[in-house]
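Good morning, and thank you for joining. I would like to take a few minutes to introduce a structure that is new to this group.

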Amino acid sequence: MMTISAILRARPGAEATLRAALLDVAAHVAANEPDTVGFFVSQDAGDPTRFTTYERFTDQAAMDRHNGSAAVARFFAIAQPILDGEVVLVTADEISAR
């Protein structure tokens, strides 16, 4: 299983826009990506400008399809101007899951 963890920070006042854009990607994943076995989005309880995603893919090809999708391209077109700093991204091989 391949995973991506991402931490994104919205500029103050842009939290709702980033949240909506992330949820649009999640809806696309649910409807169109059977090999994306998990796509979790969280908003920090103590800092509403900070969001985290945790994404699980059956294999590298599934991850590549997701990352190359029109939904991800739309997300970054919306998010890029409202991000506060760089996205922290960790791509990994999942070694344990419950």
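**Overall fold, core and salt bridges**

Let me begin with a caution: what you see is a predicted model. The protein chain has 3 helices and 4 strands, and from the N terminus on these elements run β-α-β-β-α-α-β.

How does the radius of gyration compare with that of a compact globule? For 98 residues, such a globule would have a value near 13 Å, and the protein chain, at 13 Å, agrees with this. The C-alpha trace spans about 35 × 30 × 20 Å along its principal axes. Of the 98 residues, 38% count as buried. Among contacts with a separation of 6 or more, 73% are between residues 24 or more positions apart. The accessible surface comes to about 5800 Å², and 55% of this belongs to carbon and sulfur atoms.

I turn now to the interior. The largest nonpolar core has 16 residues, and Leu8, Leu18 and Phe75 are those with the most contacts inside it. Strand 1, helix 1 (15-32) and helix 3 (70-79) each supply at least two residues of this core. Which element gives the largest share? That is helix 1, with 6 residues. Phe75 shows how these parts meet: beyond its neighbours within four places in sequence, Phe75 is in contact with Leu8, Leu18, Ala21, Leu22 and Val25. Apart from this core lies another, of 5 residues, including Met2, Ile4, Ala62 and Met63.

Finally, the charged pairs. How many salt bridges does the structure hold? There are 4, and I shall describe three of them.

In one, the side chains of Asp47 and Arg9 meet at 2.4 Å, N to O. This pair links distant parts of the chain, 38 residues apart: Arg9 belongs to strand 1 (residues 2-9), while Asp47 sits in the loop between strand 2 (36-43) and strand 3 (50-57). Arg9 counts as partly exposed, because its relative accessibility is 28%.

In another, Arg50 and Asp44 form a salt bridge at 2.6 Å, N to O. Arg50 is partly exposed, with a relative accessible area of 30%, and Asp44 also counts as partly exposed, at 25%.

The third that I shall mention joins the side chains of Arg56 and Glu94, at 2.6 Å, N to O. Here too distant parts of the chain are linked, 38 residues apart, with Arg56 in strand 3 and Glu94 in the segment after strand 4 (88-93). Are these two residues buried or exposed? Both Arg56 and Glu94 are buried.

Notes. Residues numbered from 1 in each chain as written. Predicted model: local features only at pLDDT ≥ 70, side-chain atom pairs only at ≥ 80, totals over all residues. Heavy atoms only, no water. Buried < 20%, exposed > 50% of the residue type's maximum accessible area, 1.4 Å probe, protein only. Core = buried A, V, L, I, M, F, W, Y, C linked by side-chain atoms within 4.5 Å. Contact = heavy atoms within 4.5 Å. Rg over C-alpha atoms; globule rule 2.2 N^0.38 Å. Areas by Shrake-Rupley, 256 points an atom, 1.4 Å probe, with all protein chains shown as cover.
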